[in-house]
Each structure stands twice: as structure tokens, then as C-alpha cells.
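Colleague: Thanks for sitting down with me over this one. Could you show me the chain before we start?

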Amino acid sequence: LPHRLALTDMIVRMTVSKRGITTFEAAEIIAKSLGVEPKCLRYSGLKDAYATTIQTMTLPISVLPYRGVKTARDLMDRLCEELQAGVSGRGLRVGDLEILPRSHHASAGTTYGNRFILIVRDAKIPLSLSKP
């Protein structure tokens with residue numbers, strides 16, 4: 001945490017892993033867990049609802065309804081506690097939380113590239129396509 005910036009001038013960056021829900025649904029679940037509006041969360045793109053996907057989301061600390069939180073450690077403890085309770089069993093995992101300057105906010109065009117690992121599960125291949 002840069003020592004010259006107040007917490008309110010910072011963002012929280014998190015890694016979101018989801019399956020079976022849209023990016024919008026994931027943002028709604030996370031926002032509700034933290035007591036903020038979904039529009040406060042930023043992400044650099046939309047991910048497939050049917051695949052297992054991982055993406056980064058960011059949130060300005062200034063929008064969090066946390067009164068009396070003065071240290072980064074207290075903030076992280078509170079975020080982890082509320083996220084764990086709010087996303088459990090919802091097809092969503094949140095981790096790798098970091099506190100960073102606002103210049104690290106996610107937005108369209110901030111992704112340097114996508115990486116894909118495709119895993120095909122339970123594929124049924126017709127015999128005519130299988131190799132002898």
C-alpha cells in the first residue's frame with residue numbers, strides 16, 4: 001500500500017472465478033455482498049456464462065459502506081469476511097484481493113490479451129469420426 005495515499009483514494013482489485021453465471025450476475029452477487037451498487041464494480045470484458053472463467057474486477061474503496069475502518073489490514077479482513085459469506089455456493093469464488101491506486105482500475109481496453117485453456121468434458125464422438 002503506497003504510504004502517501006489515503007485508503008479512500010485506492011481501489012480493491014480481485015480475481016473472480018465463475019461458472020454457470022454471467023459477468024453481470026457475478027457483479028451483482030459481489031456488490032450485494034459488500035453493500036454497494038453493481039455499477040461500482042469495473043471489469044474489462046464479459047465472460048461466457050457456461051464456461052469456467054477467471055477475470056479481474058475492481059472497486060473504489062470510497063464506495064464501501066465501512067465506517068471506522070482505518071487500516072488496510074482491517075479493510076482486507078472485512079472484505080474477505082463479507083465476500084466469503086456472500087458468494088459461497090453461488091458458482092463464484094473471489095480471491096487475490098489487492099489494494100492499489102485508482103490508476104489500476106479495470107476498464108474496457110485495459111486487458112493486454114486473453115488466454116484460453118479449453119477442456120472438453122463428456123464429449124460424445126461418433127464412431128465415424130474416431131480414428132481406427
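Colleague: Let me begin with a side chain: how exposed is arginine 78, and what is its relative accessible area?

Modeller: Happy to start there, with two notes first. This is a predicted model, where local features need pLDDT of at least 70, side-chain atom pairs count only at pLDDT 80 or more, and totals for chains, interfaces and linings use all residues. Residues are numbered from 1 along each chain as its sequence is written, and side-chain values use heavy atoms, with hydrogens and water left out. Buried means under 20% relative accessible area, exposed over 50%, and partly exposed in between (1.4 Å probe, protein chains only), so arginine 78 is partly exposed, at 31%.

Colleague: Which side chain does arginine 78 meet in a salt bridge?

Modeller: A salt bridge here is a side-chain nitrogen of Lys or Arg within 4 Å of a carboxyl oxygen of Asp or Glu. For arginine 78 the N to O distance is 3.2 Å. The two residues are 4 apart in helix H2 (residues 72–87), so about one helical turn separates them. The partner is glutamate 82.

Colleague: How many salt bridges are there by this rule?

Modeller: Besides the pair in H2, glutamate 98 forms a salt bridge with arginine 13, the closest N and O atoms being 2.8 Å apart. That pair links distant parts of the chain, with glutamate 98 in strand S4 (residues 92–101) and arginine 13 in strand S1 (residues 10–18), 85 residues apart. Glutamate 98 is partly exposed at 34% relative accessible area, and arginine 13 is partly exposed at 25%. By this rule the count is 2.

Colleague: In what order do the elements of the chain run from the N terminus on?

Modeller: Helices (H or I, at least four residues) and strands (E, at least two) are DSSP runs, numbered from the N terminus. The chain has 2 helices and 4 strands. Their order is β-α-β-β-α-β.

Colleague: At what angle do the axes of H1 and H2 cross?

Modeller: Two packed helices are described by the angle between their axes and the distance between the axes. Axes are lines fitted to C-alpha atoms, for helices over the stretch in contact, and angles run from 0 to 180 degrees between N-to-C directions. The axes of H1 (residues 23–34) and H2 come within 8 Å, and the crossing angle is roughly 130 degrees.

Colleague: What does that make H1 relative to H2?

Modeller: Angles under 35 degrees count as roughly parallel, over 145 as roughly antiparallel, 65 to 115 as roughly perpendicular and the rest as oblique. By that scheme, H1 to H2 is oblique.

Colleague: How many nonpolar, polar and charged residues does the contact of H1 with H2 have?

Modeller: Contact means heavy atoms within 4.5 Å. Ile29, Ile30, Ser33 and Leu34 in H1 meet Leu79, Glu82, Leu83, Gly86 and Val87 in H2. Ala, Val, Leu, Ile, Met, Phe, Trp, Tyr, Cys and Pro count as nonpolar, Asp, Glu, Lys and Arg as charged, and the others, Gly among them, as polar. By class, the contact has 6 nonpolar, 2 polar and 1 charged residues.

Colleague: Is proline 60 buried or exposed?

Modeller: Proline 60 lies in strand S3 (residues 53–60). Not counting residues up to four places away in sequence, proline 60 touches Met10, Ile11, Cys40, Arg102 and His105. At 9% relative accessibility, proline 60 counts as buried.

Colleague: And isoleucine 61, how far in space is it from aspartate 9, C-alpha to C-alpha?

Modeller: Isoleucine 61 is in the loop between S3 and H2 and is buried, with a relative accessible area of 8%. Leaving aside neighbours within four places in sequence, its contacts include Leu7, Leu75 and Ile99. Isoleucine 61 and aspartate 9 are 52 residues apart in sequence, and in space the separation is 7.3 Å.

Colleague: Which residue has a positive phi although it is not a glycine?

Modeller: Look in strand S4 for this one. The phi is about 50 degrees, and at 58% relative accessibility the residue counts as exposed. It is aspartate 96.

Colleague: Last one: what percentage of the residues of the chain count as buried?

Modeller: We have met two examples, proline 60 at 9% and isoleucine 61 at 8%. Of the 132 residues of the chain, the buried share is 34%.
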